[in-house]
Amino acid sequence: MVAARAGVSVATVSLVANGKTAGRVSEDNISRVRDAISELGYVVDGIGSSLAKGVSSIVILVAPDISNPFFAKVIGGVRESLGPSYQLLLSVTDSGEFPKADDVRKLMSLRPAGLLVDAPNAGFLADLSIAGPLVLLDAPGLESLAPAVNLDVAQGARELASHLAAAGHRRVAYLDSVTGTETFAIRREAFLAEATALGMSVDANHMPATTIDVGEAAAAFAAAWPDWQSEGVTAVVCATDTHAYGVLQEARVAGVRIPEELAVAGFDDLPYSATSSPGLTSVHLPAKLLGLKAGEQLRRLMEGQELEQEELTLESSLVVRGSTSPAAT
């Protein structure tokens with residue numbers, strides 16, 4: 001219909017619709033085809049094209065718990081690295097839940113060009129069992145299963161423990177995430193091990209965990225604070241900045257002075273952490289860079305190039321602000 005309206009061949013319409021006109025279609029014919037496409041409301045059938053080519057231009061990003069604001073920057077990095085040649089499709093779960101392999105396999109009918117999986121576990125990857133370009137994000141310990149871009153969260157956790165110990169804290173609490181991914185286990189265990197080595201006490205038996213939600217974290221802190229206070233807790237470390245925002249919110253309601261009575265710290269270094277009152281001490285994790293590097297690795301694989309490195313590790317760092325240090329306010 002487009003060809004008939006424009007007075008050209010079907011092949012010419014195909015070249016224009018798929019952006020392959022350079023040196024092959026005159027400007028006049030390009031203009032006529034585009035006018036006809038606009039008049040008829042024609043769009044390329046992506047599924048049909050993928051069937052013909054055996055693969056689409058879709059890239060699927062599988063992410064647990066999209067409620068975590070950290071993922072917004074990861075997604076931005078992936079989108080930037082892929083460029084206009086690929087369309088990004090998200091496969092996400094409800095808060096606190098991990099993706100199921102069956103759900104992802106259903107999306108494979110779209111014949112994606114590649115797959116990115118954020119914070120997976122070995123069981124998920126074994127169940128998924130797919131062929132094709134695959135890159136893992138924030139997947140410590142799983143580098144042998146697929147190319148991966150990881151974050152050195154343990155180093156940041158150790159720096160945070162050293163900072164609190166140097167400030168004189170001896171009894172510290174930990175507010176965890178219920179999201180059962182390896183990255184949360186590593187940051188918790190690295191902090192606890194370093195805190196113990198530096199002479200700080202952390203009650204591992206009284207460690208509340210919530211979804212990545214400000215209100216849930218605030219409620220957990222409200223419930224735990226009377227016991228923590230009676231036990232002499234002077235600092236609380238949160239698995240994410242979002243948890244820490246809930247603690248700061250509830251601490252204001254309860255009249256707890258930050259950091260004089262209670263130091264508060266988190267992980268991620270989200271943008272609001274620099275402007276909260278007080279500013280939040282946080283382990284900086286380069287979210288956008290994580291997405292950029294993972295997208296770059298996947299794009300190389302999709303375009304048939306070899307990777308210079310199968311595993312990339314991005315450094316974390318501690319950013320000290322007023323929530324743990326009055327001098328930083």
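## Salt bridges, a helix and a hidden threonine

Let's start with a trio: Asp176, Arg188 and Glu189 are tied together in a network of salt bridges. Keep in mind as you look around that this is a predicted model. Across the whole structure, a search turns up eleven salt bridges, and we'll come back to a few of them below.

**The whole chain**

First, a step back. The protein chain has 329 residues, and 50% of them count as buried. It is built with twelve helices and 13 strands. If you draw a box around the C-alpha atoms along the principal axes, you get roughly 85 × 40 × 30 Å.

How much of the contact in the chain links residues 24 or more positions apart? Taking the contacts with a separation of 6 or more, 73% are between residues at least 24 positions apart. As for the outside, the chain exposes about 14,800 Å², with carbon and sulfur atoms supplying 50% of that area.

**Helix H9**

Now find helix H9, which runs over residues 182-197. Its 16 residues reach 22 Å from the first C-alpha to the last, close to the 22 Å you'd expect at 1.5 Å a residue.

Which residues of H9 are buried? They are Thr183, Phe184, Ala185, Ile186, Arg187, Ala190, Phe191, Leu192 and Ala195. So what sits on top of them? The cover over the buried residues of H9 includes helix H8 (153-166) along with strand E6 (171-177), strand E7 (201-202), E9 and strand E10 (263-268). After H9 comes Gly199, and its phi is positive, near 90°.

**Thr240, tucked away**

Next, hop over to Thr240. You'll find Thr240 in the loop between strand E9 (235-238) and helix H11 (241-254). Is Thr240 buried or exposed? It counts as buried, because its relative accessibility is 0% and the cut-off for buried is under 20%.

Who are its neighbours? Leaving out residues up to four places away in sequence, Thr240 touches Asn68, Phe184, Arg187, Ile212, Gly266, Phe267 and Asp268. You've met two of these names already: Phe184 and Arg187 are among the buried residues of H9.

The side chain of Thr240 also has polar partners. One is the side chain of His243, joined to Thr240 by a polar contact of 2.7 Å. Another is the backbone nitrogen of Thr242, which the Thr240 side chain reaches at 3.3 Å.

**Three salt-bridge pairs**

Back to those salt bridges. Here are three of the pairs, with the distance between nitrogen and oxygen.

| Pair | N to O distance |
|---|---|
| Asp28 and Arg32 | 3.3 Å |
| Arg257 and Glu261 | 3.3 Å |
| Glu303 and Arg299 | 2.9 Å |

Why are Asp28 and Arg32 separated by about one helical turn? Because they are four residues apart in helix H3 (residues 27-40).

How open are these residues to the outside? Asp28 is partly exposed, with a relative accessible area of 47%, and Arg32 is partly exposed too, at 33%. In the next pair, Arg257 has a relative accessible area of 49% and Glu261 has 28%. In the last pair, Glu303 comes in at 40%, while the value for Arg299 is 22%. Arg257 counts as partly exposed, and that label also goes to Glu261, Glu303 and Arg299.

**Out at the surface**

To finish, two spots on the outside. Met1, Leu40 and Tyr42 make a nonpolar surface patch of about 340 Å². Met1 itself lies in the segment before helix H1 (2-6). With a relative accessibility of 79%, Met1 counts as exposed, because exposed means over 50%.

The other spot is Ala204, in the loop between E7 and strand E8 (209-210). Ala204 counts as exposed as well, at 52% relative accessibility. Where does the chain bring Ala204 in relation to Tyr174? The two are 30 residues apart in sequence, and their C-alpha atoms are 8.1 Å apart in space.

Conventions. Residues are numbered from 1 along each chain as its sequence is written. This is a predicted model: local features need pLDDT of at least 70, side-chain atom pairs count only at pLDDT 80 or more; totals for chains, interfaces and linings use all residues. Side-chain values use heavy atoms; hydrogens and water are left out. Buried means under 20% relative accessible area, exposed over 50%, partly exposed in between (1.4 Å probe, protein chains only). A polar contact is a pair of N or O atoms within 3.5 Å; within protein, one must be able to donate a hydrogen and the other to accept it, and residues adjacent in sequence count only if both atoms are side-chain atoms. Contact means heavy atoms within 4.5 Å. Patches are made of residues with over 30% relative accessible area and no salt bridge: like charges are joined within 9 Å, nonpolar side chains (Val, Leu, Ile, Met, Phe, Trp, Tyr) within 5 Å. Accessible areas come from the Shrake-Rupley method with a 1.4 Å probe; for residues, only the protein chains shown count as cover. A salt bridge is a side-chain nitrogen of Lys or Arg within 4 Å of a carboxyl oxygen of Asp or Glu. The expected span of a helix is 1.5 Å times one less than its number of residues.
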